[in-house]
Amino acid sequence: MLQNLHVKNLALIEEAEVEFGPGLNILSGETGAGKSILIGSIHLALGEKVPRDMLRENAQDAFVELTFSVNLPHTVAALNEMDLFPEDGELLLSRKITAGGRSVCRINGETVSAAVMRRAASLLIDIHGQQEHQSLLTQKNHLRYLDAYAKGELEEELAALAESYRTYSECKKSLEEVSLDEEQQARELSFLQYEIDEIDQAHLQPGEDEELEAEFKRLSNGRKILDAAGECREYCAGGNDSASDQIDRALRALLAATDYDEQAGALADQLQEIDSLLGDFNRDLAGYLEDFEFSDELFAQTEERLNLINHLKTKFGKTIEEILEQKEQKEAEVEKLMHYEEYRRELEARYDKAEEALRELTLKVSEIRKAEAETFTEEIRGALKDLNFKDVQLSLEFEQLDHYTANGWDDARFFISTNPGEPVKPLDNIASGGELSRIMLALKTVLAGNDEIETLIFDEIDAGIGGRTAQMVAEKIKQTARDHQVICITHLPQIAAMADHHFLIEKTSDESSTISEIRPLNREESIMELARMLGGARITDAVCLNAREMKELAEQC
């Protein structure tokens, strides 16, 4: 359940906080007061795209925060699978938006992506806006509604169907790729064998490229290495002014003092050790110079070998290991081509088996859908009658696609007749906005009965209706609010009268700014708001009495 909404610096809202309650929460106010901004802020907090004009004028950043109480075990389990863990039964979703358009989403204080925010939100809240009526006019959505209704019966089968379709698609692709005639087989076999021989003839050894590169670097800089080592030898052991000669002199001078002072003896021992180490170094350096080998022939051989390996790398892989793996794969391809017919028959058998498994699952899913469609449409018909469709006919007609999909081969379409004597027509031919809004409400209330989402938001679902129909819509929303938390923006007093919690959104202006504010109404204030909705600019005593009676009747529902 959505417990709290906190909004700061969004459009006309400077700062607002709303404490929602269980049951039916009504938001009302004059047109343009900021009701849509409030719903827009919830969209933002749930990870939706940020419109450029949403940030309040001259504000550095905006902030939206939603606090949900989460107690249903299946919802907690689904959140845990996303590594999200409610704290003390609460989940805090927040989003900060800067003037530069950057935003940061957080869940319980930890930064998450907008995609994770949307996934978490989909478990907690369902928003139905004015434009969603139009989704009824898109035929591909009709099957999606049925699958949502039949989720309990279909969830496992649809998952298995998707996996089966993946296996089938892989088998089909493999079979298509081996559709070669004898001439193509021969060409492919010849080319593969040529590449295998090219790798074999190189006699590659793992790691040899690194050794060759080090050797090539050494040989290509041989003169520099010899000059540097020779100069070093000259400094260390090259004559009377070398380091070795200087240390030898220093040692002899210090030894003369050892007979008179023990500390001088200790220093002489240290210098003796240095002299010994320098002697070892000079011998190693001399050996290095004697052993250093450079020849044009060795350099050419190293360069040629490296060029060969680098050529193979450009064709088969970035490392010798990858080249050798490519060779193994090509040998496996050769083996397939050498036994091509046998391999093809094996693929055909796998394809036939995968198709049969997919067909069985597709048929099973289709049968479940058709069985569930009857109860689904029956429940929608009942809900439509509650919404003042006195003689409504509704069915969900199926067609079979000419190909498999990950969702089966069913295509479904609602057909409806809303007037006695009229034949049923495709639902997407419905033109009346009022009829569409009622049909969507009926659909939503039926789906809500099978839905695990606790909070439903209806954003002006009452568009295009009035009179007795408005009263019946109000009763249907109130009925839905018995099992779910419902937050509803409305212009109709019949719906507002049903409120368990009523909030008023008001816009105020001065010379420098315009702001929208929201506040909860007590019972008397709610009745006065109903009177405003009934009477408009002029609220008479009769209108007030009418509003009070409307509220009292609603409390009896």
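Which residues of strand 8 are buried on one side, and which on the other? I started my notes there, keeping in mind that this is a predicted model.

**Entry 1, strand 8.** I went through residues 125-128 and found both faces covered. Ile125 and Ile127 are buried on one side, and Asp126 and His128 are buried on the other. That fits the textbook picture: in a regular strand, side chains alternate between the two faces of the sheet. Next I looked up the pairing. Strand 8 runs parallel to strand 12 (residues 455-459), and 4 bridges join them. For a concrete contact I noted Ile127, which stands opposite Ile457 in strand 12.

**Entry 2, on to strand 13.** From strand 12 I moved to strand 13, since these two also pair in the parallel sense, over 5 bridges. Asp459 has Ile489 of strand 13 as its bridge partner. So strand 12 pairs with strand 8 and with strand 13. Then I checked strand 3 (residues 24-28), which runs parallel to strand 13 and is joined to it by 4 bridges. Here Ile26 has Cys488 as its bridge partner in strand 13.

**Entry 3, cover on strand 13.** Why do I call strand 13 largely enclosed by the rest of the structure? Because 5 of the 5 residues in 485-489 are buried. I sorted them by direction: Gln485, Ile487 and Ile489 point one way, while Val486 and Cys488 point the other way. Both bridge partners I had noted are in that list, with Ile489 in one group and Cys488 in the other.

**Entry 4, a surface patch.** Leaving the strands, I looked at charge on the surface. Glu210, Glu211, Glu213, Glu321, Glu322, Glu325 and Glu328 gather there in a negative patch. Helix 7 (208-220) and helix 12 (320-338) are the elements that give two or more residues to the patch. Helix 12 supplies the largest share, 4 residues. I picked out Glu213, which is found in helix 7. Glu213 counts as partly exposed because its relative accessibility is 39%, and partly exposed is the range between 20% and 50%.

**Entry 5, Pro420.** Where does Pro420 sit? I found it in the loop between strand 10 (410-417) and strand 11 (425-426). Pro420 counts as exposed because its relative accessibility is 60%, and the cut-off for exposed is over 50%. I also jotted down a distance: Pro420 and Gln393 are 27 residues apart in sequence, and 8.8 Å separates them in space, C-alpha to C-alpha.

Key
Residues numbered from 1 in each chain as written. Predicted model: local features only at pLDDT ≥ 70, side-chain atom pairs only at ≥ 80, totals over all residues. Heavy atoms only, no water. Patch = residues over 30% accessible without salt bridge, like charges linked within 9 Å, V, L, I, M, F, W, Y side chains within 5 Å. Areas by Shrake-Rupley, 256 points an atom, 1.4 Å probe, with all protein chains shown as cover. Salt bridge = Lys/Arg side-chain N within 4 Å of Asp/Glu carboxyl O. Lys, Arg positive; Asp, Glu negative; His and termini not counted. Charge placed at Lys NZ, Arg CZ, Asp CG, Glu CD. Buried < 20%, exposed > 50% of the residue type's maximum accessible area, 1.4 Å probe, protein only. Pairing = 2+ DSSP bridges.
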